[in-house]
Amino acid sequence: MKIAKEYSPNIDIEKNTQYAVKGITKIVKKIGPRKPGSPEEHRAQQWMEKDMKNYCNKTEIEEFTLHRQGFMGFIPFTVACGVASVFVNWFASPIWAVVLCVLAFIPLLFEFLMYKQFDDFLFPKQTSHNMIATRSPKGEVKQRVVMVAHSDSQFEWKLNYLMGGLQAKLFCEIPAVVGLIVQTVFAVVCAIVAKGGAAMDIEKARWFFILFFVVSCVFIPFEISFIFFQSWNKSVPGASDNLSGCYTGMATVKALAEAGIQFENTEVVMICSGSEEAGLRGAKAYAKAHEEELKSIPTAVIALDTFRDLEDMAIYDRDLSGTVQHDWGVKNLLKNAASNCGYDLKFESVYIGGSDAAAFTQRGIKASCLAAMNPDPPRYYHTRLDNVENLRPECISAGIEIMCETLCMFDKEGLPVKQ
């Protein structure tokens, strides 16, 4: 490290990596899985808060409400509409088949791809929490850096566990979505040919429509399998995703405090958010509640997510299924800090899904994400294999080193300016 060494030569990365691994192990072994909005999620945050009290001037736990099954609970409805459209199209009305396909796509688009709280009101309500730890500067607060990582763990993706992440994507997720697209096109074509009639006239192109119908039916098993993609009650240990992110941020705060580094005018905030796996609900709740405060002074938000696959460590430029672009200054701050630590990190995109950083960027707050996970995804992703035995401490160590450098660079130089 270069700039961080100017602040103190006593930043102990190895000691704080051990602290992170020990903390992750303790939560996984003694608390276990932490589904969004659960007592286990809250208990883990209370343990994290107790740790952070040793290194921060202020800690608090804020609560918010969510409907955790809203994020993925639409799947049976979408599958039912897609499958039904094939038979409604063939035996009844193509117009109604088009309607069913549109109904199938709406929650898929708004809930899963765009993370809107679209159908949440249809599901039971829970209480979730965000743990916020603040390390104040010596003098007046003139700028702020926020690290955010989620403390909950996902409901198990059973097909990822049984098949592997890449195989589940190729043989279930992608065919299911392609099938729905094919069925929608089939219904639209039939509606045009039938000119809005109650039954199809297929005599002029009989074999074309028979083939279309057969192909649509071929995709039905893939769509039905999607209902069983996720467990609806069993969550996973979440050691790498994302206790590793929480403890990378917490260890960074601890490392700087133990090295005697207290910035002159830069406030450091560490958030262990709740219910990220239910659609970034914790980060969204925090960004909404604190928007005015976050915009009152220069603020950089850095999401930390899954420090496991060092060879895949990257800075995320685009997020929320590629629909959101993060701040140029924050992502280049991370890139420059990583370079100072000997890592040449690429800019990547979250093509399907999202990180906590997206919740801040959507509200006009400068943010980016640092993560280290194979994007295939790997078999441990959202499965019972995301356990303590699967941790890679060297990746957590790299994360702590990069974040110590990032915070010191931000304090000294602020965000890079685009030329």
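**Exercise 1. Find the salt-bridge partner of Glu258, then say where both residues sit and how covered each one is.**

Start with the pair: Glu258 makes a salt bridge with Lys254, and their closest N and O atoms are 3.0 Å apart. The cut-off here is a side-chain nitrogen of Lys or Arg within 4 Å of a carboxyl oxygen of Asp or Glu. Before going on, keep in mind that this is a predicted model, where local features need pLDDT of at least 70, side-chain atom pairs count only at pLDDT 80 or more, and totals for chains, interfaces and linings use all residues. Residues are numbered from 1 along each chain as its sequence is written, and side-chain values use heavy atoms, with hydrogens and water left out.

Next, the location. Both Glu258 and Lys254 belong to helix α10 (residues 239-258), four residues apart, or about one turn of the helix. Helices (H or I, at least four residues) and strands (E, at least two) are DSSP runs, numbered from the N terminus.

Now the cover. Buried means under 20% relative accessible area, exposed over 50%, and partly exposed in between (1.4 Å probe, protein chains only). Glu258 has a relative accessible area of 35%, so it is partly exposed. Lys254 counts as buried because its relative accessibility is 5%. Finally, widen the view: salt bridges with shared partners tie Lys15, Lys254 and Glu258 into one network.

**Exercise 2. Work out how many salt bridges the whole structure has, and look at two more of them.**

A search of the whole structure turns up 17 salt bridges. As a reminder of the chemistry, side chains of opposite charge can pair when their charged atoms come close.

Take Lys58 and Glu60: they form a salt bridge with the closest N and O atoms 3.5 Å apart. Lys58 is partly exposed because its relative accessible area is 47%. Glu60, at 27% relative accessibility, also counts as partly exposed.

Then take Glu394 and Arg392, whose side chains meet in a salt bridge at 2.9 Å, N to O. With 40% relative accessibility, Glu394 is partly exposed.

**Exercise 3. Identify the residues in the patch of positive charge on the surface, and the elements that supply them.**

The patch gathers Lys22, Lys26, Lys30, Arg43 and Lys50. Membership requires over 30% relative accessible area and no salt bridge, with like charges joined within 9 Å (for nonpolar side chains, Val, Leu, Ile, Met, Phe, Trp and Tyr, the limit is 5 Å).

Two or more residues come from each of α2 (13-30) and α3 (39-52). The largest share, three residues, comes from α2. Arg43 has its place in helix α3, and at 37% relative accessibility Arg43 counts as partly exposed.

**Exercise 4. Count the disulfides, then check Cys56 and Cys101.**

A disulfide is a pair of cysteine sulfur atoms within 2.5 Å, and by that rule the count is zero. For Cys56, the nearest cysteine sulfur belongs to Cys272 and is 10 Å away. For Cys101, the nearest cysteine sulfur is that of Cys81, 8.5 Å away.

As for cover, Cys56 is buried because its relative accessibility is 12%. Cys101 is buried too, at 0% relative accessibility.

**Exercise 5. Place Lys366 in the fold.**

Lys366 lies in the loop between α14 (356-361) and β11 (367-372). Its relative accessible area is 43%, so Lys366 is partly exposed. The C-alpha atoms of Lys366 and Gly329 are separated by 8.0 Å, with the two residues 37 apart along the chain.

Methods. Accessible areas come from the Shrake-Rupley method with a 1.4 Å probe; for residues, only the protein chains shown count as cover. Lys and Arg count as positive and Asp and Glu as negative; His and the chain ends are not counted. The place of a charge is taken as NZ of Lys, CZ of Arg, CG of Asp or CD of Glu.
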